[in-house]
Amino acid sequence: MAPPDVPEEHEAARPARRLVGLLRPHRRSVALALVMGVGGIVLNAFGPLLLGRITDLIADGVLGDGGPADGIDFGVIGRLLLVLLALYGVASLFMLAQGRLVAATVWRVIHDLRQRAQDKLSRLPLRHFDRHPAGEVLSRTTNDIDNLQQTLQQTLAELITSVFSLLTMVVLMLVISPSLAGVMLLSVPVSGVLAAWIGKRARPHFTAQWSANGTLNAHVEEVCSGHSLVKGFDRRAEVERRFDACNDAVYRAGAKAQFASGAMEPVMMFVANLGYVLVAVVGAWKIVDGSLTLGDVQAFILYARQFSQPIVEIASVAGRLQSGVASAQRVFTLLDAPEQAPDPQRPQTPARAAGRVEFRQVSFRYSPDTPIIEGLSLTVEPGSTVAIVGPTGAGKTTLGNLLMRFYEVDSGRILLDGTDTATMTRADLRSRFGLVLQDTWLFGGTIAENIAYGAPGATRADIEEAARATCADRFIRTLPQGYDTVLDDESSTVSAGEKQLITVARAFLARPAVLVLDEATSSVDTRTEVLIQRAMNTLRAGRTSFVIAHRLSTIRDADLIVVMDGGRIVERGTHHELLRAGGLYARLHASRAPVTTTAPPAG
């Protein structure tokens, strides 16, 4: 089950205001779009006046003293029609220009927002990803931003046009007949109250819809990444039940949201039609008593219809905006999530890259009430190999995470070549480490590109040398394209052991001062393990190595074996010294039981 969202920041509670803030850097484009929109609206607004004048000319000609042929001035009418045609043509060009400006502005806003989201992900601590499923984070950075883009694209131009149209229609109706305008304006407060009432009830449903959508994406991502396990344990029925439950939640929330939002337009249309009927009745009465001409009433009725249309459009936009605001709230919550501590303004750099590592009274816990490491002290000399073993939950993998500053220590210090790692930039610190994890990660690209991932400037000769040293060259050359073989996202063209060989070659090519091997040989067969051990013995010279392994056979030759239990070092020494001591290590060795690592808790 996906964990609930963290409490929203104070700013995230005002997503609509922050949405407007996203447009501030593009205010010139928005202002120009406003000018184009106002120009188109004003030109369109003169259409009913001209049509009213044409109607009066025809009525006067027909009902006047002369006959129809003598009374109607077709020359004037023709000129008015040409002016009307020109007005509508120029107005259309203005509206087209406005639409292009708004579209370009929205795409730039969304481009910047996606960039901010990507930058934010790179600054989030690993704790955030421990507490939030990958699918949920992915949903916020893709689906929610896409929905926000569609909402802005569909509503921004329409909102600008509708607001100015409404104001223009009010002014022109007041010019023609203040009393008729008063009748029409009676519908405005009624429409406003109803729109606010419907919008207030629609927004929670949209928030629930996109939250449920994020949960569904997290479930799908989890099932896809563990597809073989689902098949192997025959849990398809349970997976489908969970999917159905998530899908039903999305359906229920979405149906309620769309119903509430969809009710906005017909309700507003009903109110507008009532006003339209009142205007028609009162207008007819004014024609009878002679206070208005037929052309005036015709123009006013056209303005009344145009007045009703922007009200309905604004109400419809308000309904659609609820979906965008709900997505914006989820995106802003991500952008407001606590970040990792920034790098020091005046970072320190070790005077030499020897690889001496020292832990001084280090304590750490993932949650306040669960200690993982307590008061740990350890000194590792340059070029030595330290193996870390212990039962599940001992804190072995956590030790490697603290070395790389994936997590910050709660107390104590970790020194690299005499420099506190907390005073170094993360980029500088991690450039001195080579990391090989139990879970391999290869990206879509060639094998050569994957090996060179940690050393962008490496030559082809460097890549092949690293592959030969880690026993990867032989199997790579058996592939159809050799080092140019393209790996897909799941790297299905190579076996699990071959994937691990590539990651080991990648770490060796980076030539770091310190190697962290977290069960690096867990996915290879015995023969490949022996070959990797030989390669390690060659490439380890001059490098400090931390080896976290569940196969005790891989750490016999380590310079120091550290046995951890309950977050503390309970034994330390060489393989033979620990066997003679008869402690926990000796019992583990005698039982031949696998010793697994401790991974950070996932949500």
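Reader: What makes a residue nonpolar, polar or charged, and how many of each line the second largest pocket?

Author: By class, this lining has 11 nonpolar, two polar and one charged residues. Ala, Val, Leu, Ile, Met, Phe, Trp, Tyr, Cys and Pro count as nonpolar, Asp, Glu, Lys and Arg as charged, and the others, Gly among them, as polar. This is a predicted model, where local features need pLDDT of at least 70 and side-chain atom pairs count only at pLDDT 80 or more, while totals for chains, interfaces and linings use all residues. Residues are numbered from 1 along each chain as its sequence is written, and side-chain values use heavy atoms, leaving out hydrogens and water.

Reader: Why is this space called a pocket, and what is its volume?

Author: The volume is about 360 Å³, counted as the space filled by probe spheres set on grid points joined across faces, edges and corners. Of its 14 lining residues, Ala16, Leu19, Val20, Leu159 and Leu321 are the closest to the centre. On a 1 Å grid over the protein atoms alone, a pocket is an open set with protein on both sides within 12 Å along at least five of seven lines, and lining residues have an atom within 4 Å of a point; a cavity is a set where a 1.4 Å probe fits but cannot get out.

Reader: Which helices supply the pocket lining?

Author: Helix 1 (15-22), helix 7 and helix 13 (294-335) each give at least two residues. Helix 7 has the largest share, with five residues.

Reader: How many cavities are there, and what lines the second largest?

Author: Searching the whole structure gives two cavities of 30 Å³ or more. The second largest holds about 30 Å³ of space, and Ser29, Val30, Ala33, Leu101, Val102, Thr105, Leu156 and Ile160 line it. Helix 2 (27-63), helix 4 (74-123) and helix 7 (143-176) are the elements that give two or more residues to this lining. Six of the lining residues are nonpolar, two are polar and none is charged.

Reader: What makes strand 2 and strand 5 edge strands?

Author: Four strands form an open, antiparallel sheet in the order 2-1-4-5. Strand 2 (370-380) and strand 5 (419-420) each have a single partner strand, so one side of each has no neighbour in the sheet. Two strands pair if DSSP finds at least two bridges between them; strand 1 (357-367) and strand 2 have seven, in the antiparallel sense. One bridge joins arginine 365 to proline 371 in strand 2. Helix 14 (396-403) packs on this sheet, touching strand 1, strand 2 and strand 4 (411-416). Touching means a contact, with heavy atoms within 4.5 Å. Strands (E, at least two residues) and helices (H or I, at least four) are DSSP runs, numbered from the N terminus.

Reader: What is the order of the six-stranded sheet, and where are its edges?

Author: The order is 6-9-10-3-11-12, with mixed pairing. Strand 6 (433-436) and strand 12 (568-573) pair on one side only, which puts them at the edges. Strand 9 (514-518) and strand 10 (544-548) pair in the parallel sense over five bridges. Leucine 517 stands opposite valine 547 in strand 10.

Reader: How confident is the predictor, and which element has the lowest mean pLDDT?

Author: On the pLDDT scale, the predictor's confidence in each residue from 0 to 100, the protein averages 78, and 85% of the residues score at least 70. Helix 3 (68-71) has the lowest mean among the elements, 52, and strand 4 the highest, 92.

Definitions and conventions
Axes fitted to C-alpha atoms, helices over the stretch in contact; angles between N-to-C directions.
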